Amino acid sequence: MKEKFLALALEEAKKAKIKGEVPVGCVIVKDGKVIAAEYNRVEEFSDPTAHAEILAISKAAKILGVKGLRECEIYVTLEPCPMCSGAIALCGFKKLYFGAFNQKHGGVATKFFILDEYKIPWEKLNCKECSLLLSQFFKGLR
């Protein structure tokens, strides 16, 4: 089941890549049902906070209310940055799953350990395609 939701987040990330955005996708799930799905839209919205996680959290909060997010899991193709990790922590998600480590800006397990302070459990899932999509995108920029 976890892999299914990460695969949906990966589909969102592919939408971002098509639009020239950093290919990160996010899916929020409650009781086995997708509540919100989004991808990075920083360039599209000219907004440095328009990360997939922030957009998906906003969408899910409108549907469930902020307290409802505590019953949700969040799936992201890339380990969230400090901004997104902070939002995930403050929302009190049940659990975070991600597909690739974020060596440069990881806010969960690589550089910063924001979720540990808030006791939000997380799990890195095996997703070679998540890593490959990102590395191909950045290779294309160089």
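**Entry 1: Arg 41 and its partners**

I started with Glu 44 and Arg 41, whose side chains meet in a salt bridge, 3.8 Å from N to O. Worth jotting down early: this is a predicted model. Next I looked up how covered the two residues are. Arg 41 is buried, with a relative accessible area of 17%, while Glu 44 counts as partly exposed at 39%. The pair isn't on its own, either: salt bridges with shared partners join Lys 19, Glu 38, Arg 41, Glu 44 and Lys 59 into one network.

**Entry 2: salt bridges across the sequence**

How many salt bridges does a search of the whole structure find? I got ten. I picked out two that involve helix H1.

One of them links Lys 2 and Glu 123, at 3.1 Å from N to O. Lys 2 sits in helix H1 (residues 2-18) and Glu 123 in strand S5 (residues 122-124), so this contact ties together parts that are 121 residues apart in sequence. I checked exposure here too: Lys 2 is partly exposed at 28% relative accessibility, and Glu 123 is partly exposed at 23%.

The other pairs Glu 129 with Lys 14, and their closest N and O atoms are 2.9 Å apart. Glu 129 belongs to helix H6 (residues 128-141) and Lys 14 to H1, so parts 115 residues apart in sequence get tied together. For Glu 129 I noted a relative accessible area of 39%, partly exposed; Lys 14, at 27%, is partly exposed as well.

A reminder to myself: side chains of opposite charge can pair when their charged atoms come close.

**Entry 3: strand S1**

Then I moved to strand S1 (residues 25-30). Is S1 mostly covered or mostly open? Mostly covered: six of its six residues are buried. In a regular strand, side chains alternate between the two faces of the sheet. So I looked at each side of S1 and found Gly 25, Val 27 and Val 29 buried on one, with Cys 26, Ile 28 and Lys 30 buried on the other.

**Entry 4: what S1 pairs with**

Which strands lie alongside S1? I found S2 (residues 33-39), antiparallel to S1 over six bridges, and S3 (residues 72-76), also antiparallel, over five bridges. On the S2 side, Ile 28 has Ala 36 as its bridge partner. On the S3 side, Lys 30 is partnered with Cys 72.

Last lookup: the turn. S1 and S2 form a hairpin with two residues between them, and Asp 31 in that turn has a positive phi of about 55°.

Technical notes. Residues are numbered from 1 along each chain as its sequence is written. This is a predicted model: local features need pLDDT of at least 70, side-chain atom pairs count only at pLDDT 80 or more; totals for chains, interfaces and linings use all residues. Side-chain values use heavy atoms; hydrogens and water are left out. A salt bridge is a side-chain nitrogen of Lys or Arg within 4 Å of a carboxyl oxygen of Asp or Glu. Helices (H or I, at least four residues) and strands (E, at least two) are DSSP runs, numbered from the N terminus. Buried means under 20% relative accessible area, exposed over 50%, partly exposed in between (1.4 Å probe, protein chains only). Two strands pair if DSSP finds at least two bridges between them.
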